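Me: I'd like to learn how to read a structure like this one feature by feature. Can you walk me through it?

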Amino acid sequence: MLDNSSSSEALINSGDSNRRKRRPAGTPDPDAEVVSLSPKTLLESDRYICEICNQGFQRDQNLQMHRRRHKVPWKLVKRENPQVKKRVFVCPEQSCLHHDPCHALGDLVGIKKHFRRKHSDNKQWICDKCGKGYAVQSDYKAHLKTCGTRGHSCDCGRVFSR
């Protein structure tokens, strides 16, 4: 029988510099820049709007690539410094655990989902079967897969209540 722990340990310690090691949850990189965004910024979905068709985008470069479809002038801006500074995001809610830089979240999508789940009352996705509301679409989609079923069925054929 193979020992999986030694093979996974070998992957981490193999010295492959291209492989990125993930830090354990709740331990952000101490050298990372701490970013605090306003609640308004965290709740907005599309910051960049195409002036021709009104389609919205979260990033300016996505809008620029979209503008090519309309055959209008576009320009992608290259970064002056190719080295990307690691950033971590703190929650603007002062009573929240993730307001502390020691518990900052590692990406923009993560902090946006956290803020919508925990601090927003806007439940824009409502289940038609049970009426439960969700602030994050991926949570709603996951709920739809199990809503209305009495239990969760496993591939082996057994049904579990949780």
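Me: Let's start with Ser153. Which residues is Ser153 in contact with, leaving aside its neighbours within four places in sequence?

Reply: One thing before that: this is a predicted model. For contacts, the idea is to look for heavy atoms within 4.5 Å of each other. Once neighbours within four places in sequence are set aside, Ser153 is in contact with Arg158 and Val159.

Me: And where does Ser153 lie? Is Ser153 buried or exposed?

Reply: You'll find Ser153 in strand β7, which covers residues 152–153. For burial, look at the relative accessible area: under 20% is buried and over 50% is exposed. Ser153 comes out at 59%, so it counts as exposed.

Me: Let's try another serine. Where is Ser120 found, and what does Ser120 touch, not counting residues up to four places away?

Reply: Ser120 is in the loop between α4 and β5 (125–126). Its relative accessibility is 10%, so Ser120 counts as buried. Not counting residues up to four places away in sequence, Ser120 touches Leu43 and Phe115. Look at its side chain as well: a polar atom there lies 3.1 Å from the backbone nitrogen of Asn122.

Me: On to charges. How many salt bridges does a search of the whole structure find?

Reply: For these you look for a Lys or Arg side-chain nitrogen within 4 Å of an Asp or Glu carboxyl oxygen. The search of the whole structure turns up 2. One of them joins Arg67 and Glu51, with the closest N and O atoms 3.1 Å apart. Arg67 is in helix α3 (residues 60–67) and Glu51 is in the loop between β2 (48–49) and β3 (56–57), so this pair ties together parts that are 16 residues apart in sequence.

Me: Are the partners, Arg67 and Glu51, buried or exposed?

Reply: Arg67 is buried, at 17% relative accessible area, while Glu51 counts as exposed at 51%.

Me: What about the salt bridge between Arg117 and Asp139?

Reply: The side chains of Arg117 and Asp139 meet with N and O 2.6 Å apart. That pair links distant parts of the chain, with Arg117 in helix α4 (residues 108–119) and Asp139 in helix α5 (residues 137–146), 22 residues apart. Arg117 is partly exposed, with a relative accessible area of 37%. Asp139 counts as partly exposed too, at 22%.

Me: Now pockets. What is the volume of the second largest pocket, and which residues are closest to its centre?

Reply: The general trick is that rolling a probe the size of a water molecule over the atoms shows where empty space is left. The second largest pocket has a volume of about 270 Å³. It is lined by 12 residues, and those closest to its centre are Ser45, Gln58, Lys112, Lys113 and Arg116.

Me: Which element gives the most to that lining, and how do the residues of the lining divide?

Reply: α4 gives the most, with 4 residues. By type, the lining of the second largest pocket divides into 5 charged, 4 nonpolar and 3 polar residues.

Me: Last, zoom out for me. How many helices and strands are there in the protein chain?

Reply: The protein chain has 5 helices and 8 strands. Reading from the N terminus, the elements run α-β-α-β-β-α-β-α-β-β-α-β-β. Of the 162 residues, 19% are buried. As for contacts between residues at least 6 apart in sequence, 29% join residues at least 24 apart.

Notes. Residues numbered from 1 in each chain as written. Predicted model: local features only at pLDDT ≥ 70, side-chain atom pairs only at ≥ 80, totals over all residues. Heavy atoms only, no water. Helix = DSSP H or I, 4+ residues; strand = E, 2+ residues; numbered from the N terminus. Buried < 20%, exposed > 50% of the residue type's maximum accessible area, 1.4 Å probe, protein only. Polar contact = N/O pair within 3.5 Å; in protein donor to acceptor, adjacent residues only side chain to side chain. 1 Å grid on protein atoms, 1.4 Å probe; cavity = no way out; pocket = protein on both sides within 12 Å on 5 of 7 lines; lining within 4 Å. Points joined across faces, edges and corners; volume = space filled by probe spheres on them. Nonpolar A, V, L, I, M, F, W, Y, C, P; charged D, E, K, R; others polar.
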